[in-house]
Amino acid sequence: MPRAFILLNVETGSEDEVLKELRKITGVEEAYVSYGVYDLVVRIRANTMEELKDTVTHKIRSIKQVRST
């Protein structure tokens with residue numbers, strides 16, 4: 001079962017809103033606000049690497065306020 005840590009940069013002031021959206025995504029095990037270069041840290045899991053890639057590419061990156069992963 002693949003797992004990954006994803007580091008995100010989001011629009012200024014949208015950290016809490018993005019955090020709520022991330023926690024709704026299937027496969028997100030943990031999500032936290034971070035201070036420093038990255039705004040959020042997320043741990044995800046999936047059944048396959050393809051599913052993991054899909055979660056990052058189509059679910060996390062599609063959140064409006066996410067600038068980069």
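**View 1. Ile6 of strand S1 faces its bridge partner Val42 in strand S3.** This is a predicted model. Ile6 belongs to a strand pair, S1 and S3, joined in the antiparallel sense over 6 bridges. Strand S1 covers residues 3-10, and strand S3 covers residues 40-45. Strands of a sheet pair through backbone hydrogen bonds, in either a parallel or an antiparallel sense.

**View 2. An open sheet of 4 strands has the order S2-S3-S1-S4.** The pairing in this sheet is antiparallel. Its edges are strand S2 (28-33) and strand S4 (66-68). Each of these edge strands pairs on one side only. On average, neighbouring strands are turned by 35° against each other, with direction ignored.

**View 3. Helix H1 lies across the strands S1, S2, S3 and S4.** Helix H1 is made of residues 15-24. The angle between H1 and S2 is about 175°.

**View 4. Lys24 and Glu21 form a salt bridge within helix H1.** Their side chains meet at 3.2 Å, N to O. The two residues are 3 apart in the helix, so about one helical turn separates them. How accessible is Lys24, and is it buried or exposed? Lys24 is exposed, with a relative accessible area of 61%. Glu21 counts as partly exposed, at 34% relative accessibility. Side chains of opposite charge can pair when their charged atoms come close.

**View 5. Glu29 and Arg43 meet in a salt bridge.** The N to O distance is 3.0 Å. Glu29 sits in strand S2 and Arg43 in strand S3, so this pair ties together parts that are 14 residues apart in sequence. Glu29 is partly exposed, at 27% relative accessibility. Arg43 is also partly exposed, with a relative accessible area of 27%.

**View 6. Glu29 also meets Arg45 in a salt bridge.** The side chains come to 3.5 Å, N to O. Arg45 lies in strand S3 and Glu29 in strand S2, so the pair ties together parts that are 16 residues apart in sequence. Arg45 is partly exposed, with a relative accessible area of 34%.

**View 7. A network of salt bridges links Arg3, Glu29, Glu30, Arg43 and Arg45.** Glu29 meets Arg43 at 3.0 Å, N to O. Glu29 meets Arg45 at 3.5 Å, N to O. How many salt bridges does a search of the whole structure find? The search finds 5.

**View 8. The whole chain has 2 helices and 4 strands.** Along the sequence, the pattern is β-α-β-β-α-β. The radius of gyration is 11 Å, close to the 11 Å from the globule rule for 69 residues, so the chain is as compact as a globular protein of that length. Taken along the principal axes, the C-alpha atoms fill a box of roughly 35 × 20 × 20 Å.

**View 9. Burial, contacts and surface are given for the chain as a whole.** Of the 69 residues, 38% are buried. Among contacts with a separation of 6 or more, 61% join residues 24 or more positions apart. The accessible surface comes to about 4,600 Å². Carbon and sulfur atoms account for 49% of that surface.

Terms used: Residues numbered from 1 in each chain as written. Predicted model: local features only at pLDDT ≥ 70, side-chain atom pairs only at ≥ 80, totals over all residues. Heavy atoms only, no water. Pairing = 2+ DSSP bridges. Axes fitted to C-alpha atoms, helices over the stretch in contact; angles between N-to-C directions. Contact = heavy atoms within 4.5 Å. Salt bridge = Lys/Arg side-chain N within 4 Å of Asp/Glu carboxyl O. Buried < 20%, exposed > 50% of the residue type's maximum accessible area, 1.4 Å probe, protein only. Rg over C-alpha atoms; globule rule 2.2 N^0.38 Å. Areas by Shrake-Rupley, 256 points an atom, 1.4 Å probe, with all protein chains shown as cover.
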